[in-house]
Amino acid sequence: MLTARGSTRSHCSASAAPKVAERLLAAASELFYRQGFRAVGVEQIVREARTTKPTLYRYFASKDELSAACLRKQAASEWAVLAQVAIGLADDPLAHLRSIIMSVARRISHPDYPGWPMIHAAIEFPQQGHPARQVLDGFKAQMRVMLTDLAEKAALSDPGSLADGLLLLIEGAAVSLHSFGSDGPSNALSEAADALIEAYKARR
C-alpha cells in the first residue's frame with residue numbers, strides 16, 4: 001500500500017510538472033507580448049501564473065532563459081502558420097512565396113494587431129549572445145533560407161537578393177505599424193512585394 005501511494009504521488013508530481021511549466025510560459029508570453037520583455041518582472045509573471053519564484057527557477061534558470069523559451073514557443077507558432085499557408089502549394093513555389101507575404105499582410109493590417117513579437121524582441125535584445133537573441137537570429141535565418149529556396153524553385157533571378165528584399169519589406173512593414181498603425185505604410189506590403197517579385201521575374 002505504501003508503495004502504491006508513493007507511486008501515485010510520484011506520477012501526479014511528474015504529470016503536474018509540464019502543466020506548471022506551460023502555465024509559466026503562457027503567462028510570460030502574454031505579459032512580454034503586451035508590455036515588453038524588459039518591463040515585466042519575475043514577480044508579475046509568477047503572480048499571473050499562480051506559482052512562486054522558486055518554482056519558476058526550477059524550470060527556467062533565469063528570466064533570460066524564460067524569455068528565450070517564450071520566443072521558441074512563438075517561433076513554433078509562426079512556423080505552424082507558415083505550414084498552413086503552404087498547404088496545396090508544393091508544386092507552385094511562386095504562389096507559395098506570394099501567399100507568405102499575403103499572410104503577413106493580413107495579420108498586420110488588422111486594427112487590433114499589437115505587432116510582430118519577433119520585432120519587439122529584436123529591439124529589446126540587441127546583444128548577440130543573449131539567449132533570446134539567439135532564438136531570434138535562428139528564426140530569421142530560417143526565414144531567409146525559406147524565402148531564398150522558394151525564389152530559387154520559382155526560377156526567379158538572383159533568389160538570395162530577392163529573398164533579402166522581401167524580408168526587408170516584411171520587417172519594414174512590421175516596424176512601421178508601431179509608428180503609423182494599421183492604416184499606414186504597412187498596408188503597402190503586398191503591393192510592394194508583388195512589384196519586387198515582378199521585377200525579378202523580368203530579369204530572367
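**Cavities, a pocket and a core: a short tour**

Hi everyone, let's start inside. Val104, Arg107, Ile108, Tyr113, Trp116 and Ala174 line the second largest cavity. Please keep in mind as we go that this is a predicted model. The volume of this second largest cavity is about 40 Å³. By class, five of its lining residues are nonpolar, none is polar and one is charged. Helix α5 gives the most to this lining, with three residues.

So how many cavities of 30 Å³ or more are there? The count comes to two. The largest cavity holds about 50 Å³ of space. Around the largest cavity you'll find Glu78, Leu82, Ile100, Val104, Arg107, Trp116, Phe139, Met143 and Ile170. If you were listening closely, you'll have heard Val104, Arg107 and Trp116 in the lining of the second largest cavity and again in the lining of the largest cavity. For the largest cavity, the lining divides into seven nonpolar residues, no polar ones and two charged ones. Helices α4, α5 and α7 each supply at least two residues there, and the largest share, three residues, comes from α5.

Since α5 keeps coming up, let's look at this helix itself. Helix α5 covers residues 93–108, and its 16 residues, at 1.5 Å a residue, should span 22 Å; the end C-alpha atoms are 23 Å apart, so the two values agree. Which residues of α5 are buried? They are Pro93, Leu94, His96, Leu97, Ser99, Ile100, Ile101, Ser103, Val104, Ala105 and Ile108. What do these buried residues pack against? Their partners are α4, α7 (131–153), α8 (159–180) and α9.

That brings us to the core. In soluble globular proteins, nonpolar side chains tend to be buried together. Here, the largest nonpolar core has 60 residues, and Ile45 and Leu66 touch the most other members. Helices α1, α2 (42–49), α4, α5, α6, α7, α8 and α9 each supply at least two residues of this core. The helix that gives the most is α7, with nine residues. For a closer look at Ile45, leave out residues up to four places away in sequence: Ile45 then touches Leu24, Ala27, Ala28, Leu31, Phe32, Val40, Leu56 and Leu66. So Leu66, the other residue named for the core, is itself one of the contacts of Ile45.

Now for the open space. How much space lies in the largest pocket? About 160 Å³. Its lining is made up of Ala26, Ser29, Glu30, Phe32, Tyr33, Phe37, Cys70, Leu71, Gln74, Pro117 and His120. Phe32 is worth pointing out on the screen: it is in this pocket lining and also touches Ile45. Three helices, α1 (2–35), α4 (63–86) and α6 (117–124), each supply at least two residues of the lining, and α1 gives the most, with five. By class, the pocket lining has seven nonpolar residues, three polar and one charged.

One last stop, in the segment after α9 (189–202), where we find Arg203. Is Arg203 buried or exposed? Its relative accessibility is 52%, so Arg203 counts as exposed; the cut-off for that is over 50%. To get a feel for distance, take Arg203 and Phe60: they are 143 residues apart along the chain, and their C-alpha atoms are separated by 50 Å.

That's the tour, thanks for listening!

Methods: Residues are numbered from 1 along each chain as its sequence is written. This is a predicted model: local features need pLDDT of at least 70, side-chain atom pairs count only at pLDDT 80 or more; totals for chains, interfaces and linings use all residues. Side-chain values use heavy atoms; hydrogens and water are left out. On a 1 Å grid over the protein atoms alone, a cavity is a set of points where a 1.4 Å probe fits but cannot get out, and a pocket is an open set with protein on both sides within 12 Å along at least five of seven lines; lining residues have an atom within 4 Å of a point. Grid points are joined across faces, edges and corners, and a volume is the space filled by probe spheres set on the points. Helices (H or I, at least four residues) and strands (E, at least two) are DSSP runs, numbered from the N terminus. Ala, Val, Leu, Ile, Met, Phe, Trp, Tyr, Cys and Pro count as nonpolar, Asp, Glu, Lys and Arg as charged, and the others, Gly among them, as polar. Buried means under 20% relative accessible area, exposed over 50%, partly exposed in between (1.4 Å probe, protein chains only). The expected span of a helix is 1.5 Å times one less than its number of residues. Contact means heavy atoms within 4.5 Å. A nonpolar core is a set of buried Ala, Val, Leu, Ile, Met, Phe, Trp, Tyr and Cys residues joined through side-chain atoms within 4.5 Å.
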